[in-house]
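Here's a quick briefing to read alongside the structure. Have a look around first, then use the notes below to find your way.

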Amino acid sequence: MESHESESPPSRPVLTEVVNSIRERTIAENSMVVLLQGLQGEVTTVDLKNESTARGRVVNVDAFMNVRLAEVLYRDRRGQLTHLQDLFITGRNVRYVHIPDHIDIMKTIQNQLAKIHRVRNFASHGGGRKEFPKKTK
């Protein structure tokens, strides 16, 4: 687990809609990490394997369950509280992520899968790079 404080943070970071690589999209699409990716912008608590917790706004979650939180209240295993601007948690250190009560789990998963499929099908609908046009017969 690492913490990173930037010098001049924006009030709200830019949210990325979907993961970038094909590999990450495939992993996300076939696991429950899409639910966590749907929590972007929400305030939640992440329990860590070392018995500490971090509560903050979800900035990003990648396919490997690496979580970036902003405006974090970090409680170590002894109960000491620390305020952090930014916290990066590697997926292997995540024990549990609390899903806020107001989140509709099924709708969130469906929305995230729709975003992944939109990106995947972008090139087949005339989008994508034009340097190498398809040959027509």
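Arginine 57 sits across from alanine 70 in β4. That pairing belongs to an antiparallel match between β3 and β4, held over 7 bridges. Keep in mind that this is a predicted model, with an average pLDDT of 80 for the protein.

**Strands and turns**

- β3 (residues 53–61) also has a partner in β2 (residues 43–48): the two run antiparallel, and 5 bridges join them.
- In that second pairing, aspartate 47 is the residue standing opposite threonine 53 of β3.
- β2 and β3 make a hairpin with 4 residues between them, and glutamate 51 in the turn shows a positive phi of about 70 degrees.
- The β3 and β4 hairpin has 5 residues between its strands, and here methionine 65 is the one with a positive phi, near 65 degrees.

**The nonpolar core**

- The largest nonpolar core takes in 24 residues.
- If you want to find the ones with the most contacts inside that core, look for Val46, Ala54, Leu69, Val72, Tyr74, Leu87 and Ile89.
- Plenty of elements chip in: α2 (33–37), β2, β3, β4, β5 (81–89), β6 (94–97) and α3 (105–120) each bring at least two residues to this core.
- Alanine 54 makes a handy starting point, since leaving out residues up to four places away in sequence, it touches Thr44, Thr45, Val46, Leu69, Val72, Leu73, Tyr74, Leu87 and Ile89.

**The cavity**

- Searching the whole structure turns up 1 cavity of 30 Å³ or more.
- The largest cavity has a volume of about 40 Å³.
- Its lining is made of Leu36, Leu39, Thr44, Val46, Val58, Val61, Val67 and Val97.
- β2 and β3 are the elements that give two or more residues to that lining.
- Val46 turns up twice in this tour: it is among the core residues with the most contacts, and it also lines the largest cavity.

**How far to trust the model**

- Across the protein, 72% of the residues score a pLDDT of at least 70.
- Confidence peaks in strand β4 (residues 67–75), with a mean of 97, and bottoms out in strand β1 (residues 2–3), with a mean of 48.
- Residues 1–19 have a pLDDT below 50, although this stretch has 39 contacts in the model beyond near neighbours in sequence.
- Where pLDDT is low, the predicted coordinates shouldn't be read in detail.

Conventions:
Residues are numbered from 1 along each chain as its sequence is written. This is a predicted model: local features need pLDDT of at least 70, side-chain atom pairs count only at pLDDT 80 or more; totals for chains, interfaces and linings use all residues. Side-chain values use heavy atoms; hydrogens and water are left out. pLDDT is the predictor's confidence in each residue, from 0 to 100. Contact means heavy atoms within 4.5 Å. Two strands pair if DSSP finds at least two bridges between them. A nonpolar core is a set of buried Ala, Val, Leu, Ile, Met, Phe, Trp, Tyr and Cys residues joined through side-chain atoms within 4.5 Å. Buried means under 20% relative accessible area, exposed over 50%, partly exposed in between (1.4 Å probe, protein chains only). On a 1 Å grid over the protein atoms alone, a cavity is a set of points where a 1.4 Å probe fits but cannot get out, and a pocket is an open set with protein on both sides within 12 Å along at least five of seven lines; lining residues have an atom within 4 Å of a point. Grid points are joined across faces, edges and corners, and a volume is the space filled by probe spheres set on the points.
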